[in-house]
Amino acid sequence: MSRGVIQPSQQKLAEKLTILNDRGIGMLTRVYNIKKACGDPKAKPSYLVDKNLESAVKFIVRKFPAVETRNNNQQLAQLQKEKSEILKNLALYYFTFVDVMEFKDHVCELLNTIDACQVFFDITVNFDLTRNYLDLVVTYTTLMMLLSRIEERKAIIGLYNYAHEMTHGASDREYPRLGQMIVDYENPLKKMMEEFVPHAKSLSDALISLQMVYPRRNLSADQWRNAQLLSLISAPSTMLNPAQSDTVYSTYLSLSVSPVGFILCHAVLNSDAAALSLWKLALQSSSCLCLFRDEVFHIHKAAEDLFVNIRGGSMHRERRKFLRSALKELATVLADQPGLLGPKALFVFMALSFARDEIIWLLRHADNIQKKSTDDFIDKHIAELIFYMEELRAHVRKYGPVMQRYYVQYLSGFDAVVLNELVQNLSVCPEDESIIMSSFVNTMTSLSVKQVEDGDVFDFRGMRLDWFRLQAYTSVSKASLGIADHRELGKMMNTIIFHTKMVDSLVEMLVETSDLSIFCFYSRAFEKMFQQCLELPSQSRHSICFPLLCTHFMSCTHELCPEERHHIGDRSLSLCNMFLDEMAKQARNLITDICTEQCTLSDQLLPKHCAKTISQAVNKKSKKATGKKGEPEREKPGVESMRKNRLLVTNLDKLHTALSELCFSINYVPNMVVWEHTFTPREYLTSHLEIRFTKSIVGMTMYNQATQEIAKPSELLTSVRAYMTVLQSIENYVTIDITRVFNNVLLQQTQHLDSHGEPTITSLYTNWYLETLLRQVSNGHIAYFPAMKAFVNLPTENELTFNAEEYSDISEMRSLSELLGPYGMKFLSESLMWHISSQVAELKKLVVDNVEVLTQMRTSFDKPDHMAALFKKLTSVDSVLKRMTIIGVILSFRSLAQEALRDVLSCHIPFLVSSVEDFKDHIPRETDMKVAMNVYELSSAAGLPCEIDPALVVALSSQKSENISPEEEYKIACLLMVFVAVSMPTLASNVMSQYSPAIEGHCNNIHCLAKAINQIAAALFTIHKGSIEDRLKEFLALASSSLLKIGQETDKMTTRNRESVYLLLDMIVQESPFLTMDLLESCFPYVLLRNAYHAVYKQSISANA
């Protein structure tokens, strides 16, 4: 079948344009990476910076492209040594330049073929052919310009070739042509302007066809606004009509083609008015063009000031302002009515491409324009525009099936019918063209909605390539069916191709119209925009768009340059991580500020602050008398909530507003995938809140090691609750599990150290109570008052810096239990027990020192004279009593802590506590001791008092000596009880041993001996498997006989507090679960106890009087 001299189907113009355009982008990527590597001292090939090769490199560049190896042995000697390494390491660079040369050959050949075929170009008719032709021209020009910007190109090519010559004895076969190309394209634009003289006709035709599209894309914001561009709601009656355009593709075509093209065929500017007006528009729109990524070309460097001042910057600023509102309206309407994505898909892609062009324009110019007034190049609201773009992209991805259903029906029900009619009406239709057209109609007719519902995968790439081929066949001169004569067919097919893309290529369309991966190469500007966005409270709600942009980065990679994937991937990950981390930090700081304010407000409600208000009320009359000199009246808590008008904005209001805006952003997407890594923005916030909450709790204890000051547990609890209330409210803004944060943080605070190895409130309070409060008790500055269930300061010369009662009364101990929880209280108990075990170890040493005397005393308690003689032989009697008193004090403090824990747990888990209590109360007597101890351990953890203290048993059993047999250990334990029993009478001589009915104890804490004797005996004889009851009976017999003896003493100094000491026997029996009053009566007459109580009460009344 004849088609004239040149058969268009044999030329394969469509195929060549497709392949060369893709290849060109790949070559651009490789050349760009070489340029960046050569510009970076760290990444530059080492031979270019090697001092030993410096003279050789200079010589090669000076002589380039000539090769002279014979007479320059000195300069090239070092090259001879490293030739094999140079060949190996520079091959990738050298052959990339060879590939560029081959690409250039293929492009030139194709351009000549197109000229020979006299191809007709019109963007509105044969869109694919014209666009691919223009794209190829731009890619080719860009590649040659980028190549000329690699300053080291001569050095790299020359070094490789010299190394090749030295190794193989001849230059590389590609070198002569490659060297000549590098020299020819020293000034690439000048050379290409000469090169494109023969192609001027084809290129100018293609460019001038843009006059239907280009001016429309370059209207001002006011013109867009007046035309109500992109608005779905401006004409409600046409809302469901499909958005159509004769130039459907061109509506979202990129704008960089025109200026480059006109530079290459500049002669047409003199002869064609349309070309000149397009050229002016292009210059007014941009002062610098994007060549590739962040490589730009200053199109009118000399006239930059003139053009920017005319309308460039302000025009683009107004456009961005218009697009912000237009995209917002579009995104809002489509979110409510996603069905409109079908008929109005074109609007969405137009909006995306317009916004994309404006954002890239700003990025390019802000980075490359050095002017004094840069207001037009700084846009603090750019985040909002990017955010609405991301919102539209999300709608398209989410409702893809909706669009597929619509366009599948459109293609089969309308497009196929119209195309069939157009084909039937063609006067001439050659066989090849007819077959292709028929296949189009058949493909579209066979489509059905069921395919979408069944999840079938559509693929119209073959159909699109066939249309591209058909454009090539029908656009050459002398074609049987000329597309120029059948414009309606061209326009219809362009529309159909757009519709097919709506079915099978939505993701590719999004990349084509809204890819912002260029931000990857403008890291500094990107980070600066992000910081500006966070600093402006009204914009912070859009800050999530920056991490979302990192998902675009991988789309700029190309298969011809796989090695940059890792570099770009890592950059996208690090930027995304940095953005999300900064957002979470900002939110955390706002939350912390709110918490601080709330803690201050809740602090005003503490009971300690009401004293002043009460005193003011009492003294109000006298205050009036003092007149103005009196203190100003304190503001009552709650005053901050009284507003005179709505315009009054407090600091807390501002913080809440800023937080809600930022949280909207953090909560915007549940997760995002960047280079196969999933990021969850909320988790960043959660982890930051955990760290800050931990630091805040520890910080609010206000522990000062130097002065040993610490916050009262009740005050800390108030602050923590205020903090938790604020954190709980975060769930109103962000979908995070704040209970998980509380559990993680508060459970860590019940341990000795947190997960970072830092001290917790448990360790701080345990340390303070042991080292500060209890130490002052043993120093005699504080006493335990059983009547008040608290430790109270005693009047001393040196006043203490704290009031013990304010840290140890019932409410404080309950607050401590709330804060530390059962785990923390267990740690506190274990620390107390460790101190007790060290005291018991010392007591055992004293027993060993007196073992013989004590053994005799144990069997001679019914021989008073012999006992008196033996008693005088005892050493360290006072030390034994003091250590036992310290143990008693520690155990008294522990019983307070345990009681508080029980009260707290009874409120939180009453049923569980009652079950544990029931379990403990019903252990059968014959139960094995190990089983009983397990039950006691459970009970003790719940704060219940036990007959045998499991913690004390564990502490004391861990100190068994290796050298002493169990029998000997048991004997020491028995003798320890003997030692304490026979030492008790000495307490009567102490002035401080006087019993005070008001406090139900003694000021020197000897009433604590009752607890110490019972608990130590129970623990020791549980360990040594002795009878606790028998040993306590023995203790009671020895103690009562010793105390009865002081009843016969006549020395007033020795017996001054005899009655007070007698009462200890009653306390020991009352405290003990193993002893009874009957038993005491048999050893010590109750009448003596009654008289003793009578005497001490009488004494206290006379003392008070």
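Is Asn743 buried, exposed or partly exposed? Select Asn743 to start; the model is a predicted one. Asn743 counts as partly exposed because its relative accessibility is 42%, between the 20% limit for buried and the 50% limit for exposed. The residue belongs to helix H33, which covers residues 738–749. For a sense of scale, add Leu203 to the selection: its C-alpha atom is 70 Å from that of Asn743, and the two residues are 540 apart along the chain.

**Strands S5 and S6**

Next, select residues 782–785, which form strand S5. Show the side chains and look at either face of S5: Ile782 and Tyr784 are on one side, and Ala783 and Phe785 are on the other. These four residues are all buried, so both faces of the strand are covered.

Extend the selection to strand S6, residues 790–793. S5 and S6 pair in the antiparallel sense, with four bridges. To check one pairing, pick Ile782 and look across to Asn793, its bridge partner in S6. The two strands form a hairpin, and four residues lie between them. In that turn, click on Lys789, which has a positive phi of about 50°.

**Helices H32 and H36**

Now select residues 713–729 for helix H32 and residues 810–849 for helix H36. Their axes come within 8 Å and cross at roughly 45°, which means that H32 is oblique to H36. The crossing is left-handed. On the H32 side, display Pro713, Ser714, Leu716, Leu717, Val720 and Arg721. They meet Glu812, Ser815, Leu816, Glu818 and Leu819 in H36. Sorted by class, this contact of H32 with H36 has six nonpolar, two polar and three charged residues.

**Helices H43 and H45**

For the last stop, select residues 966–983, helix H43, together with residues 1028–1046, helix H45. The helices pack at an angle of about 30°, and their axes are 8 Å apart. Because of that angle, H43 counts as roughly parallel to H45, the cut-off being under 35 degrees. H43 passes H45 in a right-handed crossing.

Which residues of H43 meet H45? Display Tyr970, Cys974, Met977, Val978, Val980, Ala981 and Val982 in H43. Opposite them in H45 are Arg1031, Phe1035, Leu1038, Ala1039 and Ser1042. By class, the contact of H43 with H45 has 10 nonpolar residues, one polar and one charged.

Conventions
Residues numbered from 1 in each chain as written. Predicted model: local features only at pLDDT ≥ 70, side-chain atom pairs only at ≥ 80, totals over all residues. Heavy atoms only, no water. Buried < 20%, exposed > 50% of the residue type's maximum accessible area, 1.4 Å probe, protein only. Axes fitted to C-alpha atoms, helices over the stretch in contact; angles between N-to-C directions. Parallel < 35°, antiparallel > 145°, perpendicular 65-115°, else oblique. Left-handed = near helix turned anticlockwise from the far one by under 90°. Contact = heavy atoms within 4.5 Å. Nonpolar A, V, L, I, M, F, W, Y, C, P; charged D, E, K, R; others polar. Pairing = 2+ DSSP bridges.
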